[in-house]
Amino acid sequence: MSKQSKRSNADTIATNKLMNNLDGHHSVWLFGYGSLIYKADFPYLERRPASIADWTRRFWQGSHDHRGTPEAPGRVVTIIPEAGAICHGMAYLVTPQVFEHLDHREKNGYLRLSTAILFDDGRSVPGLVYIATEDNTAFLGAASELEIARQIAQSSGPSGPNSDYLNHLAAALRELGKSDPHVFAIEQHLTELGKQIHQDS
């Protein structure tokens, strides 16, 4: 899709409010694969490690409001379709009222999508996940893991340095006992960039 045909505004709050995927539910499972793994700034009824199938995590979404600025966006994760892939993260059982806060938190390009959430015991439940697709104006797209690390190293926003987001996510995945080659490769590049800066100073 061309940049001209993208939505002129990445703010997705109004679009998410129009969705009917909360109708009639007293509680809803939400899958988190980025900062939602380690930063639960909302009430929840239950929290469990989980995964979703046929999606892979990528630092392809721009952050203009949390880990960067409109002039110098940072990079945060979204999920990209990939047959056979498994994306590990954390699932939360929440009430529909929580989505007013979550829609605001995820407003920079993320839309709610219905998905099957898989637990480690083999059980599957219907749930929701926020996804930033390539047709939102904040989408930055693919880049090498070194290029992504360089952008992250230079980016900071109202929620703090972009590097903190990456490091917290990598640590959270290790705590879950899960590997993510994309995330860990960027983390390694970021570490090496930090060493170079220290040596040059």
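Me: How many aromatic pairs does the count come to in this predicted model, and how is such a pair described?
Reply: A pair of aromatic rings is described by the distance of the centres and the angle of the planes. In this predicted model, the count comes to seven aromatic pairs. For W29 and F119, the ring centres are 5.0 Å apart and the planes stand at 65°, so this pair is edge-to-face. W29 belongs to strand 1 and F119 to strand 4 (residues 111–119), so the pair ties together parts 90 residues apart in sequence. Both W29 and F119 are buried. In addition, R48 lies over the face of F119, 4.1 Å from the ring centre.

Me: Which parts does the pair of Y44 and Y92 tie together?
Reply: Y44 lies in the loop between helix 2 and strand 2, and Y92 in strand 3, so the pair ties together parts that are 48 residues apart in sequence. Y44 is partly exposed, with a relative accessible area of 37%, whereas Y92 is buried, at 0%. Ring pairs link F42, Y44 and Y92 into a cluster.

Me: Where is empty space left, and what volume does the largest pocket have?
Reply: Rolling a probe the size of a water molecule over the atoms shows where empty space is left. Here the largest pocket has a volume of about 360 Å³. Of its 25 lining residues, S35, H66, R105, E106 and Y165 are the closest to the centre. The lining divides into ten nonpolar, eight polar and seven charged residues. Helix 2 supplies the largest share, three residues.

Definitions and conventions
Residues are numbered from 1 along each chain as its sequence is written. This is a predicted model: local features need pLDDT of at least 70, side-chain atom pairs count only at pLDDT 80 or more; totals for chains, interfaces and linings use all residues. Side-chain values use heavy atoms; hydrogens and water are left out. On a 1 Å grid over the protein atoms alone, a cavity is a set of points where a 1.4 Å probe fits but cannot get out, and a pocket is an open set with protein on both sides within 12 Å along at least five of seven lines; lining residues have an atom within 4 Å of a point. Grid points are joined across faces, edges and corners, and a volume is the space filled by probe spheres set on the points. Helices (H or I, at least four residues) and strands (E, at least two) are DSSP runs, numbered from the N terminus. Ala, Val, Leu, Ile, Met, Phe, Trp, Tyr, Cys and Pro count as nonpolar, Asp, Glu, Lys and Arg as charged, and the others, Gly among them, as polar. Rings of Phe, Tyr and Trp (its six-membered ring) pair if their centres lie within 6.5 Å; planes under 30 degrees apart count as stacked, over 60 as edge-to-face and the rest as tilted. Buried means under 20% relative accessible area, exposed over 50%, partly exposed in between (1.4 Å probe, protein chains only). A charge sits over a ring if NZ of Lys or CZ of Arg is within 6 Å of the ring centre and within 35 degrees of the ring normal.
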